Amino acid sequence: MDLTAYFDRVHYRGGTEPTYETLAALVAAHVRHIPFENLDPLTGVPVIDLSVPALTAKLVARRRGGYCYEHNNLMHAVLRELGFAVDRLAARVVWMSPDGLDGPPHPQTHQALAVRIPGSDEPYLVDVGFGGQTLTAPIRLVADAVQPTPHEPFRLRRYRAGYVLESLIGEAWRPLYTFGLQPRPLIDMQVGSWYVSTYPESNFVVGLTAAVVTDDARCNLRGRNLAVHARGGTERVRFDDAAQVCAALTERFGIDLSGLGDVEDRVAQVLDS
């Protein structure tokens, strides 16, 4: 893992000792500088390589973003290199689902991380790859405690044999995903990644999404619709065409679109998905 290149990519100039302060600062830097995006599945890239060299080449050197398996496996490599104990976790997304927790089981198509600081048995949930509602700070893996972050408060509740992560949106707690604490090997993540990037009905295959945070706002793009959620309210922009969308991907989200072929044509096909 090329830590120097990664630190430059996320503008990190802090300490490298495996402490909570380092962990929190890295999470904050990562989500502000490496966007969430699904352009590879959208444009038909057949295999998303989750190896450390490939993730470094794409998200760091080429200044691209990625989805959960890419973000959290890159963070996994960074934290392990610094001396943290890190486990991969598999999760079932219920965010934006009409049935929420009451519907049929969702597939395990999300990855998060359980992180321990040397000398402590207390694990933290770290997730830098949940897109528009991603955690912007580590939170303790304990149930029923409201935990502040630089953006919304979050909490964990017991759910079946594991937990459900919730965030406070306005006055309501909204479930994001359910997960257990069983460590998962990389091969499980590769299977989940292959499914979400190739399944014909996957949102990542049939629609465009991008997200990044600033110090006081979340910027979320879905198709032609951009929403900037800040404490003072939400600004909404509806782009007229694919050229405007691609300009926003470059200028607002900082994504290098080179090497993606005729990405504007593909974006035009899914603007209203």
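**Exercise 1. Place T22 in the fold, decide whether it is buried or exposed, and list its contacts.**

Solution. T22 belongs to helix 2, which spans residues 20–33; helices (H or I, at least four residues) and strands (E, at least two) are DSSP runs, numbered from the N terminus. The model is a predicted one, in which local features need pLDDT of at least 70 and side-chain atom pairs count only at pLDDT 80 or more, while totals for chains, interfaces and linings use all residues. Residues are numbered from 1 along each chain as its sequence is written, and side-chain values use heavy atoms, with hydrogens and water left out.

The next step is accessibility: T22 has a relative accessible area of 5% and is therefore buried (under 20% is buried, over 50% exposed, in between partly exposed, with a 1.4 Å probe and protein chains only). Finally, once neighbours within four places in sequence are set aside, T22 is in contact with Y12, G15, T16, E17, L82 and F84, where contact means heavy atoms within 4.5 Å.

**Exercise 2. Work out which strands stand at the edges of the open sheet of 5 strands.**

Solution. Begin with the strand order, which is 1-9-10-11-12 with antiparallel pairing; two strands pair if DSSP finds at least two bridges between them. Strand 1 (36–37) and strand 12 (233–238) each have a single partner strand and so stand at the edges, with one side of each left without a neighbour in the sheet. Within the sheet, strand 10 (residues 217–222) pairs with strand 11 (residues 225–230) over 6 bridges in the antiparallel sense, and R218 stands opposite H229 in strand 11.

**Exercise 3. Describe the largest pocket by its volume and its lining.**

Solution. The volume comes to about 1500 Å³. A pocket is an open set of points on a 1 Å grid over the protein atoms alone, where a 1.4 Å probe fits, with protein on both sides within 12 Å along at least five of seven lines, and lining residues have an atom within 4 Å of a point; grid points are joined across faces, edges and corners, and a volume is the space filled by probe spheres set on the points.

Of the 47 lining residues, W95, M96, F130, G132 and R222 are the closest to the centre of the largest pocket. Among the elements that give two or more residues to this lining are strand 10, strand 11 and strand 12. By class, the lining of the largest pocket divides into 23 nonpolar, 16 polar and 8 charged residues (Ala, Val, Leu, Ile, Met, Phe, Trp, Tyr, Cys and Pro count as nonpolar, Asp, Glu, Lys and Arg as charged, and the others, Gly among them, as polar).
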